[in-house]
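User: Could you take a close look at how the last two helices pack against each other, and set that part in the context of the whole chain?

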Amino acid sequence: MGSDSDLPTMQQAVAVLEQFKVAVEVRVLSAHRTPLEMVAFAEAAAGRGLKVIIAGAGGAAHLPGMVAALTPLPVIGVPVHSRALSGVDSLHSIVQMPAGIPVATVAIGGGTNAGLLAVQILATADAELAGRLQEHRRALRDQVTTKDQRLQELGSAAYLQGMGS
């Protein structure tokens, strides 16, 4: 992440990766304030065995794109909510990469989906992880079907009243 103030957003990705038992390394590397450290990290990442990088940044949000320019690994960009433009500036900075240097980009504040996307990428080469991902998806489906069944039984007004308690 570009700043420790990005940690609340990025911790969502960490939590997902830990839930799926994926090793995680969390760093603060600023494209603007620590450019040499960022370059060293990005250039060495693949050689150190990393497989996917999730890079979150707010404001000018150059970190994901700069890291992507320096590594052959897939990079997932997480736009962090900013004070000035509510994260729209971050989103545009990350998603508008020039042709040839892609950054997969999730929603503003989308740390959870960044973690899940990283799990999906890793699961293409790890059958056990793919199985855990399928179980997670089944659990999500079961949650929705249970809610739908309850809604059908109670009706919308009673269901809504039950949501408030």
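Analyst: What follows describes the packing of two helices and then the chain around them. This is a predicted model, in which local features need pLDDT of at least 70 and side-chain atom pairs count only at pLDDT 80 or more, while totals for chains, interfaces and linings use all residues. Residues are numbered from 1 along each chain as its sequence is written, and side-chain values use heavy atoms, with hydrogens and water left out.

Helix H6 covers residues 127-154 and helix H7 covers residues 156-163, and the two pack at an angle of about 125° with their axes 6 Å apart (axes are lines fitted to C-alpha atoms, for helices over the stretch in contact, and angles run from 0 to 180 degrees between N-to-C directions). H6 is therefore oblique to H7, since angles under 35 degrees count as roughly parallel, over 145 as roughly antiparallel, 65 to 115 as roughly perpendicular and the rest as oblique. On the H6 side, Lys 147, Arg 150, Leu 151 and Leu 154 meet Ser 156, Ala 158 and Tyr 159 of H7, where contact means heavy atoms within 4.5 Å.

As for the whole, the protein chain has seven helices and three strands (DSSP runs, numbered from the N terminus, of H or I over at least four residues for helices and of E over at least two for strands), and from the N terminus on they run α-α-β-α-β-α-β-α-α-α. The C-alpha trace spans about 60 × 40 × 30 Å along its principal axes. Among contacts between residues at least 6 apart in sequence, 60% join residues at least 24 apart.
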